[in-house]
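Student: Could we go through this structure together, one question at a time? I would like to see how each answer is reached.

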Amino acid sequence: MWETEERPLTTTDTKEVDKQELMSKYDKESNFRTNLGIWGWLTLLLGSALTIFQLYTAYRGAYVSMIQGAVHLGAALCLVYLLYPIKSSWSKRKGIPWYDVVLAGAALYTNFYIIQNYDRLINDAIIFGFTYMDQIVATAGVLLLLEATRRVVGLPIVIIAIIALLYGLYGNFIPIIGHAGNDWPTLATEMFFSSSGIFGIPIQISSTYIFLFLFFGVILVKTNIGQFFNDIALRLTGRYTGGTAKAAVAASGLQGMVSGSSVANTVGSGSFTIPMMKNAGFKPHFAAATEASASTGGQLMPPIMGAAAFIMASYTGIPYNDIIVIAIIPAILYFSGVFLGTHFEARKQGIRGLPKEELPKMSNLVKRLDLFLPLFIIIGFLLIGFTPTYAALFAIAAAFLISFLRKDTRMSFKGIIYILEEGARVALPVIAACATAGIIAGTVTTTGLGPKIAGGIIDLAQGQFFLVMFFTMIACIILGMGLPTTANYVVTATMAAPALLAFDVPVIAVHMFVFYFGIVADITPPVCLAAYAGAGIAGANPMKAGVTAVKLAIAAFIIPYIFVSQPILLLQGDANFLNVTIGVTTAMLGMASISAAMIGYFVTKVNWLERIIMSVSGLMLVYPNYIISFAGLAIFAGIAVYQVVRSKKDDSDKQQLKTHNN
């Protein structure tokens, strides 16, 4: 962008370079051009203009969805072609090649065409049909979107979208799940000029709510709230057993509330927490796994949930304000499972907490408590009934004003322009993913593919509900590999959710089920990008880090089965205070039992037989049946007593041996 004076790299600079290299390696959206030359002025102006447009329409009210979406998508795709090269390895080259400038202009024009011809495309074309020019523009629009998405998000979602388009074209040649088929002009115009394709629900939500919350996250980063979260977490947990790992879990969960990427969260907070855990004595692969599982769980943490909560509200018809309340208990259970896993590992390795003098001073933290104000505003405004748009606007304004209270966060005019541009750049992967997910969702809904896939899953499971859940879980994990959070949810909600909806399961439970399993794909081998990123920082074996992350995040593989079978954990059904309290308590104890079995330590080391017994007791505790849960509790209590007795005996034997040796 702006030219800067060359100077020697400091240690901080080197860390930032290493962090950016990791992001570029494991996070497609971070591999953008940084040496734009004169074109930097254009990206600066266009990015700032897009952010200002979003803030303006949030304040005065959005335009009709197609026009709002066309401005949103057109500016974003133009920026993608200017910022992201055709090959990732070319991101270090200076300037922008002529063909990318042409593609950027074409992307802008195809979307401007919708604005210019809106009335005719919406009204006359339905009666008289689309012109040849319409068909050419629609074709170009679809192709430009797919190539832009490949550059900024990656191939997995593009491949799924191409398969969806091929299915839309040649469905008449496909047995069992086929349909009547389409010709290309019909399919292209349906995808580009209607609200059932590219400009469907995902891009509508992106152009109104999601952009604002992503920009809110950028503002929070500029106010150093990420480091503040780290300091708060370290102060609260650092002095306890394995305190550095527990601080990493807490900090990543807090940062995950405003982060839309598991990998970005892992690298951002992991550059601080992973070395800290290693210094405390945790093995490199465990430190990487802790950060990856906690950062991935950040996508499950209300109120933002990787921006998928907004789309979930549209798909389920449940108000967003209710969804963020519904998601609280599952998120607490998830982080409790990771937290317990780090505790048992610390006990196993004999890792103690940090000395008090190494912890952040409480007096310094109290002086920065105002940094919590934007989060309090956004959560409070949502809970009292404000729309997400206004809640985000007020929170952005609060964060912006807070930045002027301190010299180290105060922004100059140039800094404000930069932050406007960065707000647009951070949103590019989400915008491209939402638009491409619209192609997938549009094809699935218009061809009736969703119910056909659901029927196939049910037939494969022979109607057995548990097997249907299991096969749906596998489908979600496979579909979720390599996809960003919002696209991940759109794909799994349209292709996998209908299988569970065929049974008498609350809609929100089904959508939370597919959402959870789509998210944990980020830590599930072999494609566990968050674990790979953490391993890169820790210098650990990536696959070993991925397997360990699954052990730590085992709650995410169990909790969805619980709230589908017993929706009281989602505050559905017979969710009175007593039932919810008992359900949460037994689930927490179950998580403790299963985590101990996974780590191999409880009161003392756990042998293989005890691991099996504790795993069974844990599953019984989380099973939504009082008799089975209390039987599991009895087994868990028995193992605990046995472990305490064995631990005392081992201590006594060690003491006798020490006395004998002396």
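Student: Is serine 271 buried, partly exposed or exposed?

Tutor: Keep in mind that we are looking at a predicted model. Serine 271 sits in helix H12. Buried means under 20% relative accessible area and exposed means over 50%. The relative accessible area of serine 271 is 35%, so this residue counts as partly exposed.

Student: What distance separates the C-alpha atoms of serine 271 and glutamate 291?

Tutor: Along the chain, these two residues are 20 residues apart. In space, their C-alpha atoms are separated by 9.7 Å.

Student: Which residues of H26 make the contact with H12?

Tutor: Start with the axes of helix H12 (residues 262–280) and helix H26 (residues 529–538), which come within 9 Å and cross at roughly 35 degrees. The crossing is right-handed. On the H12 side, the contact residues include Ser271, the serine we just discussed. On the H26 side, they are Leu529, Ala530, Ala533, Gly534, Ile537 and Ala538.

Student: Why can H26 be called largely enclosed by the rest of the structure?

Tutor: Look at which of its residues are buried: Ala530, Ala531, Tyr532, Ala533, Gly534, Ala535 and Ala538. H26 is largely enclosed because the buried residues number seven of the ten.

Student: What value does phi take at glycine 539?

Tutor: Glycine 539 comes just after H26. Its phi is positive, at about 70 degrees.

Student: Which residues other than glycine have a positive phi?

Tutor: Two examples lie in loops. Leucine 571 is in the loop between H28 and H29, and its phi is near 60 degrees. Glutamine 462 is in the loop between helix H21 (449–460) and helix H22 (465–480), with phi near 55 degrees. So among the residues you asked for are leucine 571 and glutamine 462.

Student: Is glutamine 462 buried or exposed?

Tutor: The cut-off for exposed is over 50% relative accessible area. Glutamine 462 has a relative accessibility of 70%, so it counts as exposed.

Student: At what angle do H28 and H29 pack?

Tutor: The axes of helix H28 (residues 554–565) and helix H29 (residues 577–599) are 11 Å apart, and the two helices cross in a right-handed way. Their contact is made by Ile554, Ala555 and Ile558 of H28 with Met591, Ile594 and Met598 of H29. The packing angle is about 145 degrees.

Student: How far apart are the end C-alpha atoms of helix H20?

Tutor: Helix H20 (residues 413–447) has 35 residues, and at 1.5 Å a residue it should span 51 Å. The model agrees with that expectation, because the end C-alpha atoms are 51 Å apart.

Student: Where does H20 bend?

Tutor: The bend is about 40 degrees. Proline 429 follows within four residues of the place you want. That place is leucine 428.

Student: How many residues of H20 are buried?

Tutor: H20 is mostly covered. Of its 35 residues, the number buried is 25.

Student: Which side chain is joined to aspartate 100 by a polar contact of 2.6 Å?

Tutor: Aspartate 100 belongs to helix H4 (residues 98–116), and with 0% relative accessibility it counts as buried. Not counting residues up to four places away in sequence, aspartate 100 touches Arg33, Tyr81, Tyr84, Pro85, Ile86 and Arg151. The polar contact of 2.6 Å is with the side chain of arginine 33.

How values were computed:
Residues are numbered from 1 along each chain as its sequence is written. This is a predicted model: local features need pLDDT of at least 70, side-chain atom pairs count only at pLDDT 80 or more; totals for chains, interfaces and linings use all residues. Side-chain values use heavy atoms; hydrogens and water are left out. The expected span of a helix is 1.5 Å times one less than its number of residues. The bend at a residue is the angle between axes fitted to the seven residues ending there and the seven starting there. Buried means under 20% relative accessible area, exposed over 50%, partly exposed in between (1.4 Å probe, protein chains only). A polar contact is a pair of N or O atoms within 3.5 Å; within protein, one must be able to donate a hydrogen and the other to accept it, and residues adjacent in sequence count only if both atoms are side-chain atoms. Contact means heavy atoms within 4.5 Å. Axes are lines fitted to C-alpha atoms, for helices over the stretch in contact, and angles run from 0 to 180 degrees between N-to-C directions. A crossing is left-handed if the near helix is turned anticlockwise from the far one by less than a right angle, and right-handed if clockwise.
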